[in-house]
2 protein chains.
Amino acid sequence: MAAAAPRWRRRKAARPAEIVAAALDVFAERGFAAARLEDIAARAGVSKAALYLYFPTKEDLFRAVVAEAVAPNLERMRAAAAAFEGSFAALARALLPTLAATLADGPLASVVKMVVGESRNFPELARVWHDDLVEKALAVVGGQIERAQARGEVKPGDPRIYALGLVAPMLLALLWRETFVPIGAPPFDVEAVARQHVETVLGGMLAGRGEGRLD
Amino acid sequence: MAAAAPRWRRRKAARPAEIVAAALDVFAERGFAAARLEDIAARAGVSKAALYLYFPTKEDLFRAVVAEAVAPNLERMRAAAAAFEGSFAALARALLPTLAATLADGPLASVVKMVVGESRNFPELARVWHDDLVEKALAVVGGQIERAQARGEVKPGDPRIYALGLVAPMLLALLWRETFVPIGAPPFDVEAVARQHVETVLGGMLAGRGEGRLD
DNA sequence: CGGCTAACTGACCCGAGGGTTAGCAATCCC
DNA sequence: GGGATTGCTAACCCTCGGGTCAGTTAGCCG
């Protein structure tokens, strides 16, 4: 009669993903430095030592978490941008709320905060985040703006700054949520921010006021 | 003959400020958790134990640093906003570059990063920062926008979101500098951001002027 | 010049937590 | 069944750093 409840199971294939998920939670809650490996292990239903079977060090685990958080969202963004055909205004109106929703729902906001907070002590991490995600996103948006400028849709001006101007309020609203809402500050409705802000900025970006161009 | 160079001096009055200054440097470089009291003490030219003559704990020292960073800048902002008389557009054009310069030059950017990064582990700190600075700044800007809306200068819309939309790109440019420039990413010229972005947003915020939008 | 006060130091304590290792037990294979 | 394999754990080690305290000495006051 085998034990009905073995004390643990061998599940080599499933462990890494579970550990990374648990680590994401704990890192997001506590930040890198304050996160305890014991807590991560406990949440993953595993002993601390088991973590070291899959990740050589805490920092490597952190890297895995960031990579995990980056990959799918990067893909989603790129696909959405690549698929679009219409005018710049239409693109912006379609993309920003989508981006807002993606950021607001997923774990990206926590990861952003983590990367910002720990960047000095783990510069390599900031580099991964920047090179793999931010740089590319900025290039996509900036490129769209440049093309719109070439078509005369958008006024002259530094495309990189325009891109920053478009995206910044949403990112900051997210950081706000992570930073100030826990202490009782009123949150920003990220989608409302996206909706209102995209109209405001378009009002200042679009050239000639054919104004319609809603296609 | 007594030693011409005593090994240390009693300078009770000067110590706290020196310690806070040193702490600001080290906290800004390393973040709260990773900052070592020994380093702070060394930079202040003092032994670690001496810190405890003036600050009961590391966290209290952190609080002192934040308070030090907040106070003078809050005053500068409030004065600038209160003194202004002209139209909203003129106010924005005057204030944003000033704000950008203030943020860019002082230690505020580092402190912002610190507050964001450590907020979960030191919520009380986020509260101080929010209540003493952010809340008030947002109220000032939001109030100006509401009044401009009442005068018909600015289109309808959530004033809080408008305020966020105005300020966010500059703040994010600062966080960018703190986070990504150290790893080799190209910086944003914060003043250029302020100049271009204020025009863009005003273009979308200001009512009237023929051209109008759908609203 | 001597002695008192208190600003300051050096050496210590100790808890926390990242990382390690000896061995146990689930599962595979015969 | 039973032996080999190896995923996994319990218990440990050891460094790091916040915090403490007994003593030292700068500077003042008589």
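**Exercise 1. The fold of chain A**

What percentage of the contacts in chain A with a separation of 6 or more is accounted for by residues 24 or more positions apart? Describe the chain as well.

*Solution.*
Step 1. Keep in mind that this is a predicted model. Begin with confidence: the mean pLDDT of chain A is 88, and 95% of its residues reach 70 or more. Residues 210–215 of chain A are a weak spot, with pLDDT below 50. Beyond near neighbours in sequence, that stretch has eight contacts in the model.
Step 2. Count the elements. Chain A has nine helices and zero strands. Read from the N terminus, the order is α-α-α-α-α-α-α-α-α.
Step 3. Take the dimensions. The C-alpha trace of chain A spans about 80 × 35 × 35 Å along its principal axes.
Step 4. Look at burial. Chain A has 215 residues, and 41% of them count as buried.
Step 5. Now the contacts. Among those in chain A with a separation of 6 or more, 67% come from residues 24 or more positions apart.

**Exercise 2. One side of a helix**

Find which residues of helix H2 of chain A are buried, and where they sit around the helix axis.

*Solution.*
Step 1. Helix H2 of chain A covers residues 37–44. Ile40(A), Ala41(A) and Ala44(A) are buried there.
Step 2. Check their directions. These residues cover an arc of only 100° around the axis, so they lie on the same side of H2(A).
Step 3. Ask what lies over them. The cover of the buried residues of H2(A) includes H1 and H3 of chain A.
Step 4. Go to the end of the helix. Gly45(A) follows H2(A), and its phi is positive, near 70°.

**Exercise 3. Two buried residues of chain B**

Decide whether Val154(B) and Leu171(B) are buried or exposed. The cut-off for buried is 20 or more other C-beta atoms within 10 Å.

*Solution.*
Step 1. Place Val154(B): it is in the loop between helix H7 (123–150) and helix H8 (159–179) of chain B.
Step 2. Count its neighbours. Val154(B) has 24 C-beta neighbours inside 10 Å, so it counts as buried.
Step 3. Name its contacts. Setting aside neighbours within four places in sequence, Val154(B) touches Phe88(B), Ile145(B), Ala148(B), Gln149(B), Met205(B), Leu206(B) and Ala207(B).
Step 4. Compare sequence with space. Val154(B) and Ala89(B) are 65 residues apart along the chain, yet their C-alpha atoms are separated by 9.1 Å.
Step 5. Repeat for Leu171(B), which lies in helix H8 of chain B. Leu171(B) has 22 C-beta neighbours inside 10 Å, so it is buried too.
Step 6. Find a distant partner in sequence. Leu171(B) and Val112(B) are 59 residues apart in sequence, and their C-alpha atoms are 9.0 Å apart.

**Exercise 4. How the two chains meet**

Work out how chains A and B are related, and describe the side of chain A that touches chain B.

*Solution.*
Step 1. Superpose the copies. A turn of 180° and a shift of 0.0 Å along the axis lay chain A on chain B with an RMSD of 0.1 Å. The two copies are therefore related as by a two-fold rotation axis.
Step 2. Find the axis. In chain A, Gly117(A) comes closest to it, with its C-alpha at 1.9 Å.
Step 3. Count the contacts between chains. In chain A, 47 residues are in contact with 47 residues of chain B.
Step 4. List the helices. H1, H6, H7, H8 and H9 of chain A each supply at least two residues to this side. H9(A) gives the most, with eleven residues.
Step 5. Sort by class. The side of chain A that touches chain B has 24 nonpolar, 13 polar and ten charged residues.
Step 6. Compare the two sides. Of the interface residues of chain A, 98% are also interface residues in chain B, so the copies meet through the same surface.

**Exercise 5. Around the DNA**

Which residues come nearest to DNA strand D, and which are closest to DNA strand C?

*Solution.*
Step 1. Start with strand D. Of the 25 residues around DNA strand D, the nearest are Ser47(A), Ala49(A), Ala50(A), Leu37(B) and Ala49(B).
Step 2. Name the elements. H3 of chain A, with H2 and H3 of chain B, give two or more residues each to the surface near DNA strand D. H3(A) gives the most, four residues.
Step 3. Turn to strand C. DNA strand C is surrounded by 25 residues, and the closest are Leu37(A), Ala49(A), Ser47(B), Ala49(B) and Ala50(B). Here the largest share, four residues, comes from H3(B).
Step 4. Sort by class. The surface near DNA strand D has eleven nonpolar, two polar and twelve charged residues. The surface near DNA strand C divides into eleven nonpolar, two polar and twelve charged.

Conventions: Residues numbered from 1 in each chain as written. Chains lettered and ligands numbered in written order. Predicted model: local features only at pLDDT ≥ 70, side-chain atom pairs only at ≥ 80, totals over all residues. Near = placed C-beta within 6 Å. Nonpolar A, V, L, I, M, F, W, Y, C, P; charged D, E, K, R; others polar. Contact = placed C-beta atoms within 7 Å. Buried ≥ 20, exposed ≤ 12 C-beta atoms within 10 Å, placed from the backbone. Least-squares fit on C-alpha atoms with pLDDT ≥ 70 in both. Arc of directions from axis to C-beta. pLDDT = per-residue confidence, 0-100.
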